[in-house]
Protein chains: 4
Amino acid sequence: MKDQEHRRVISLSPGAFHYRRRVQFAETDLAGIVHFSWYFRYMEEAEHALWRAAGLSIVGDDLHWPRVTAHAEYKRPLRFEDEIDVKVRAGFGRTRIQYGFEIQREHTLVAIGAMSSVCARSERDGQLKTTAIPADVRERLITALR
Amino acid sequence: MKDQEHRRVISLSPGAFHYRRRVQFAETDLAGIVHFSWYFRYMEEAEHALWRAAGLSIVGDDLHWPRVTAHAEYKRPLRFEDEIDVKVRAGFGRTRIQYGFEIQREHTLVAIGAMSSVCARSERDGQLKTTAIPADVRERLITALR
Amino acid sequence: MKDQEHRRVISLSPGAFHYRRRVQFAETDLAGIVHFSWYFRYMEEAEHALWRAAGLSIVGDDLHWPRVTAHAEYKRPLRFEDEIDVKVRAGFGRTRIQYGFEIQREHTLVAIGAMSSVCARSERDGQLKTTAIPADVRERLITALR
Amino acid sequence: MKDQEHRRVISLSPGAFHYRRRVQFAETDLAGIVHFSWYFRYMEEAEHALWRAAGLSIVGDDLHWPRVTAHAEYKRPLRFEDEIDVKVRAGFGRTRIQYGFEIQREHTLVAIGAMSSVCARSERDGQLKTTAIPADVRERLITALR
């Protein structure tokens, strides 16, 4: 049941949210460009900025949003002090949020990415149990994506 | 041409290489578990350990190996001081290496991942140009994967 | 000679520069607070923002600015989504820049820090050689610190 | 009272513990060398390895060890795939542990550092309260430093 939900394709909502960010020195590596692992943090920062724009926080009282998948395709390098725009889109399953990302530098596509998280609740034994995304959370995020 | 090569499925060679590693404190986040971006660094560390076992270094004189794709699927959380085993496999196209990873903790599968890199050479103008993987590099890696 | 310069106390110029920044998820650790190593990156980001405000970049053609010392004293924890203000001051020796930092969250002092870097030039053999800070760089930074 | 304890100089115990580690790719920056912030993580990894050697974990049931100070002096650069040796020493106040570090690459001193942490206990209101270091913890660490 859980696995079926995980594998089902979730289409993204029509709207998008934009997060701007400057590349910092410690994000580069000896090749002189941003290390590939940092793109995932850029995507996560954009995700959390979307949540704030929706009046929410990913760190809440009783819900958790563990990652299920993360994916990136690298088109062009990023360099120190580049200003980037991370475009976020999102789609909603019953228990899972699917994010799609486009990272641009001056209107040039630098990378695309995708991540998904499930909505989970802490049980009394400390284990996380997948649960349905609250309607309020979904509605607020969709509104912020307009 | 380049795009066709990028999209072609590359099957992995039969052998595997294992890299062992302990989870460090700074790799955890406020959820009490390893941040999802760190799994990509674990995979990269394993890749580079494979290269060393092959008598090679990813940082060489004139060849570069920029990432093209990175992917991870998270099955279970990792915690501070966990000992992990990263199993690396690799497959070789003309210009691209495809890696496959399995991260285990005490024989339990924690995550699977995949990354691909292209072989590139610096041109006089500083641009990187995709080039064929040297036969020597491929042979040494395949030997180390036994 | 070099060591004497390194040990001489450099007094800070009167002005200050402010850099604002939000704490991101990947900067926290399992204790639920920002990992202590991140404060050094906050300080470095503020340093580089100061250089940009001065019309400069720490990554230039022929000068390098390797770190000599870094120091932090932690007063209070920082948490996910906190907004911080990093106040930078700077003082100038012949070859060395001394920075002083105060990190605040809502007018509460969270940490103080200090870092110093020397001005160095690449020699033909690839070695770095300490050199005098160009007057133009010092003047621009002092102006941006007003 | 707390401040006096924080400022009192704590002399280091005679023994030392050694932690070995290889420099990884993501730890380098565009200058081609290890980013200065990583030295603090090398020191912390060595600290936690010392605790494990003492049969302890820094992450325990009810005690916490927040950082009070961190300091580093950089002597020489570190590069990708360098093997380093982090020598740890420690001294004990009533509530505070003082660590001293030397980072070497092939018997060449690369950096020295120092960090201190206080022993703290969670109160019912979630606040941390400084408390005396348990005698058992001190004894085990001193034994592991032999």
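In this predicted model, chain B can be superposed on chain A with an RMSD of 0.0 Å by a turn of 180 degrees, with a shift of 0.0 Å along the axis. The two copies are therefore related as by a two-fold rotation axis. Within chain B, the C-alpha nearest that axis belongs to B:His71, at 2.2 Å from it. In general terms, a rotation about an axis and a shift along it relate two copies of a chain.

The contact between the copies may be considered next. Chain B contributes 16 residues to the contact, and chain A contributes 16 residues. On the side of chain B that touches chain A, the elements giving two or more residues are helix 2 (38–53) and strand 3 (67–74) of chain B. Strand 3 of chain B provides the largest share of that side, namely 8 residues. By character, the residues on the side of chain B that touches chain A comprise 9 nonpolar, 4 polar and 3 charged. Of the interface residues of chain B, 100% are also interface residues in chain A, so the copies meet through the same surface.

The pairing of strands adds detail to this picture. Strand 3 of chain A, which spans residues 67–74, pairs with strand 3 of chain B in the antiparallel sense, over 5 bridges. Which residue stands opposite A:His71 in strand 3 of chain B? That residue is B:His71, whose C-alpha is the one in chain B nearest the axis. Strand 3 of chain B thus appears twice in this account: it gives the largest share of the side of chain B that touches chain A, and it pairs with strand 3 of chain A.

Conventions
Residues are numbered from 1 along each chain as its sequence is written. Chains are lettered from A and ligands numbered from 1 in the order in which they are written. This is a predicted model: local features need pLDDT of at least 70, side-chain atom pairs count only at pLDDT 80 or more; totals for chains, interfaces and linings use all residues. Copies are superposed by least squares on the C-alpha atoms of residues with pLDDT of at least 70 in both. Two residues are in contact if their C-beta atoms, placed from the backbone, lie within 7 Å. Helices (H or I, at least four residues) and strands (E, at least two) are DSSP runs, numbered from the N terminus. Ala, Val, Leu, Ile, Met, Phe, Trp, Tyr, Cys and Pro count as nonpolar, Asp, Glu, Lys and Arg as charged, and the others, Gly among them, as polar. Two strands pair if DSSP finds at least two bridges between them.
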